Amino acid sequence: MKKHQPQHQQSSLSSEAVSSSSEASVSASSTSSPHPLATAQSEKSAAVPVPAAEDPAVSRDGAGGQESVVLERRGDSAAVCKWTISNFPKVKTRALWSKYFEVGGYDCRLLVYPKGDSQALPGYISIYLQIMDPRGTSSSKWDCFASYRLAVVNPIDNSKSIHRDSWHRFSSKKKSHGWCDFTPSASIIDPKSGFLLNNDSILITADILILNESVSFSRDNNELQSNGMLSSIVTGPVGDVLNGKFTWKVHNFSLFKEMIKTQKIMSPVFPAGECNLRISVYQSSVNGVEYLSMCLESKDTEKTSVPDRSCWCLFRMSVLNQKTGLNHMHRDSYGRFAADNKSGDNTSLGWNDYMKMSDFIGSESGFLVDDMAVFSTSFHVIKELSSFSKNGGLIGVRSGGGVRKSDGHMGKFTWRIDNFTRLKDLLKKRKITGLCIKSRRFQIGNRDCRLIVYPRAPKHLQPDLVALVPKLVEHSEHPLAACALLDRLQGPDAEPALRVPVFGALSQLDCSTEVWERILFQSFALLADSNDEPLEATMDFILKAALQCQHLPQAVRALRVRLKDLGTVVSSSVLDYLSRMVNSCADVAEAILREIDCDDDFGDNNSEIPCGLFTFGVGPTSERLHVVDEGAFFSNSYFSDIFLLIEMLSIPCLAVEASQTFERAVARGAIVAQSVAMVLERRLAQRLNFTSQFVTENFQHADVVVEGETIEQLRSQRDDFTSVLGLAETLALSRDPRVRGFVKMLYTILFKWSADESYRLRMLKRLIDRATSTTDSSREVDIDLEILVILVCEEQEIVRPVLSMMREVAELANVDRAALWHQLCASEDEIIRICEERKSEISTMAKEKAIISQKMSESEAATNRLKSEMRAETDRFARERKDLSEQIQDLESQLEWLRSERDDEVGKLTAEKKVLQDRLHDTDTQLSLLKSRKRDELKRVMKEKNALAERLKSAEAARKRFDEELKRYATENVTREEIRQSLEDEVRRLTQTVGQTEGEKREKEEQVTRCEAYIDGMEAKLQACQQYIHSLETSLQEEMTRHAPLYGAGLEALSMKELDTLSRIHEEGLRQIHALQQRKGSPAGSPLVGPHTLPHSHGLYAAVPPPMAVGLPPSLIPNGVIHSNGHVNGSAGPWFNHT
């Protein structure tokens, strides 16, 4: 099973309005191709949300600036919106938003920041898509998945159009998504780039796909709660949901068939333990084959204070078959999910190759029917409780979060799983084995640790699990792991097959000397009742552990005890291992030799060498030696010692010491000839078995391989023969009678054991050579002749070869004697000649001595003359040296004077250098002060600049709110148009008032412009505006009070005459309204005719609407509160004519 974490590019930024897992792909190509475009060249850019504080929406149908929105529908769930913004280069508004348009039952609109929002880079345009809840729906729990593309169209060259595409799950909390740095604004407003229509308009398009989906969720907690259906998203984790099933139906899957090749579609989240999970579906190519990929992702839907929130989950992901009688597609997996990967847990698990795409979309497969696909996942979460204690004190307990970290090096971690039995039943039902459960992390000694539990580990996987121990255990826990593994082998139910993997795992652990010592002595108990491969593995581990802790003698002693118990029944594999060990490790070989030397278990009661009768049987391949023992051989326990000693005889560096050890063991009576015969027989049998097996396995190459193996077998046999023969010759030098008797029997055994005639002749030849040799004067008894006599008695057919060899020796001795006589005669003649030559040389030397004496006297006279001349020359040299010394003293005095002069000059230059350095330091200090002052000045200027920018921003916000207030008044004016027609005189007067108000509005706009230009004087102007607003409120109240009776307000304060006058005014108005309705053909039952239809709110009319301030901040708007939609509630405002 391949577990997959999706590899799509995650380029969306995280904020309150969009999740961090939203992903976007960016490209720059033509926007004319159908959406989504996955073949365009990618360009990195992040899709970010619009923060709530910057949402420019004031109403659901509000629009910013002159615009034209055209919607092209492509079905119920797809549409292309084309938004034309006029006079775009001159737009001074911070944000523009389009009108709402409906796609897939949701209200959508576009948001544009011409100068970029607060998250944008300088000089970039920000563009966002906003999706709102459907009209007429009051529920705040809604969401929808949308794939979209935003583009700025180049009408001249469509290939230069700039577009970005992404996907996102929109909701009431995450309703905006897009790019803060969509594209540089300079590239758009440049007339040469071709993006401007008529040099002032741009076209922005949005290609939107809405996923038509439905979900159902049923949960079952301990079989006590009935299944429930959920159709809304989950806003937070629900900790008690341990078992459940989530089904996700996609009703328009074909609309996203191209989109899932580069992006993925995601389901709403559902609770599972402490996490929120969701299904993700996309398409992948594996080895050239297209597959439908599915994964289960962890999604954190809200900020939480609980650290390390995670849950272990066994889940099954399914694609349901919608045709009756056909099978569903299921795949199982497991893992620990977490809200993030900081704790090392998974945030996504699934399969790249869940199922072939051809099988999924096939018309007869039944997975995609009527454009609907059904995805499902069922899960089982363990209910766990973990705690960590240090030195017996509780550090942290949690069932819904991580265990607190500790810096201690000792502690106790407790992990409780409440529904473990149900998990095992589920695994058994689904036939899942080898599954492991990992606990939450805990820390000991600044090391992150986990516990791993295998609920159903099969026996054939146990060696593999043991092999994983060194990789999973931290270095500090190696001693504990080693003890646990060794205890596993010492248990009553331990299987011998586990020894090899356990010892292999132990060898990979890094432990101290004390730990290895404890493990070594514990492993001695594993030697009992073991043989073959288990014994071989145990011995290998014991020797390696002994080398680690410097206890090799104790280990060798324990191994020999077991080998003595086995005696001759020790397996060939063990003997082969010991042979390899003594050949590869000199320390082990030397320890074995020392242990054999120190063995004093052999009693004195076996002082006599046991006698035996040797018979030979002829087999199909070679002559075999059989020892018919007249009594029970006491020395079988030393079988392995003899085997190893014979092996060491063939090692040059150990041969001498092995021979000496062998001799001492024979002298003690520990080794007898019969045991050596059995060992040689075993070694020969092993070689023959090896040869036969090799021939059987390589029968097809018998002509070549068998011959080579035969040569190798003979070479091995010759090595044993040579080693044992050398041992026999060495032991023959001993004076110990027991050793001498052993040598006689050893020669007999070796002679009969040797199947090759050349070996026998070689043995006889060497015995005769030593018997006839006179160089060794230390031999008291001629043992070689005794051995020859014994061999002749045993094998009478060798008498002739022995006699011929002795005759050859005698003939060679006669030849050597004649040669020596002739050499003696020649030596005497040579001595006489040398004496005569010596006499002549002596006379010649006497004459030469006289001549040399005369020359010596002449040389002495010449020497005396030269000595006198040398003395005179010496005196002359002394006088010259004295003169030169005086000259040198004069030069040194002059040099000293020059040196003092130079020191004075250097001191002056040093002082000048110090002065210059001080001046340089002062200059650097002044420069640093100037720099710090400059930085402080720059900081102060930047602060003033930021303050001015904030004040300008406040002014813009105030102006925007006042513009929205005017729009609201205009809307109220339109809704009461018929009432205004009934009161024509009042309308004319109000129209004049509106004109005055419009003039005042323009005047205030000019004031806002001046405020933007002269921001330093804004405070005084704001105070003036406050005073002016107060006067406006007073005048407005007076006007409302004076005209209130016309609208039925304050009638109880009027006199009867005033009431009659007011009644006549209303009756005259009603008659005029009737007349107008009759002329226009309106029905008599119009709701505007009755007196009860007139509004009674006195806030709809004012005699003289006072001028209104433009651009005031929210704190200066009287008697009302600005809500998120931009309306001012609380106080009534005047009527405005929107025209």
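This report describes selected local features of a predicted protein model, from its overall make-up to single residues.

Residues are numbered from 1 along each chain as its sequence is written, and side-chain values use heavy atoms, with hydrogens and water left out. Because the model is predicted, local features need pLDDT of at least 70 and side-chain atom pairs count only at pLDDT 80 or more, while totals for chains, interfaces and linings use all residues.

## Overall make-up

The protein chain contains 23 helices and 33 strands. Helices (H or I, at least four residues) and strands (E, at least two) are DSSP runs, numbered from the N terminus. Of the 1139 residues in the chain, 42% count as buried. Buried stands for under 20% relative accessible area, exposed for over 50%, and partly exposed for what lies in between (1.4 Å probe, protein chains only). Among contacts (heavy atoms within 4.5 Å) with a separation of 6 or more, 70% join residues 24 or more positions apart.

## Helix α3

Helix α3 spans residues 420–430, and its buried residues are L423, L426 and L427. They lie on the same side of α3, because they cover an arc of only 100 degrees around the axis. The arc is taken from the directions that run from the helix axis to the C-beta atoms. The cover over these buried residues includes β19 (310–319), β22 (373–381) and β26 (437–438). On the face turned away from the buried side, α3 carries the exposed residues T421, K428 and K429. K431 follows α3 and has a positive phi, near 60 degrees.

## The second largest pocket

A pocket is defined on a 1 Å grid over the protein atoms alone, as an open set of points where a 1.4 Å probe fits, with protein on both sides within 12 Å along at least five of seven lines; lining residues have an atom within 4 Å of a point. The second largest pocket has a volume of about 1100 Å³. For this volume, grid points are joined across faces, edges and corners, and the space filled by probe spheres set on the points is taken. The pocket is lined by 30 residues, of which R450, L451, I452, L472 and V473 are the closest to its centre. At least two lining residues each come from β25 (412–417), β27 (442–444), β28 (447–449), α4 (462–472) and α5 (478–490). The largest share, six residues, is supplied by α4.

## Cysteines

A disulfide is a pair of cysteine sulfur atoms within 2.5 Å; by this rule the count is zero. The sulfur of C313 has its closest cysteine sulfur in C311, at 5.8 Å, which is too far for a bond. C511 is likewise in no disulfide, with the sulfur of C483, the nearest, 7.6 Å away. C313 is buried at 0% relative accessibility, and C511 is buried at 11%.

## Single residues

The table lists relative accessibility for four residues, with the element or loop in which each is placed.

| Residue | Place | Relative accessibility |
|---|---|---|
| T183 | strand β11 (176–184) | 3%, buried |
| V809 | helix α19 (799–975) | 17%, buried |
| N87 | loop between β4 (78–85) and β5 (96–97) | 34%, partly exposed |
| N198 | loop between α1 (186–189) and β12 (202–210) | 72%, exposed |

Not counting residues up to four places away in sequence, T183 touches G123, Y124, I125, I162 and I188. With neighbours within four places in sequence left aside, V809 is in contact with I768 and T772. V809 and T772 are 37 residues apart in sequence, and their C-alpha atoms are 7.9 Å apart in space.

The two asparagines in the table are residues other than glycine with positive phi: N87 has a value near 50 degrees, and N198 has one of about 55 degrees.

## Annotated region

An unreviewed UniProt entry places the feature "coiled-coil region" at residues 867–901 and 931–1007. UniProt positions are given in the numbering used here, feature names are shortened, and annotations may be inferred rather than shown by experiment. In the model, residues 867–901 are 100% helix and 0% strand, and the end C-alpha atoms of this span lie 51 Å apart.
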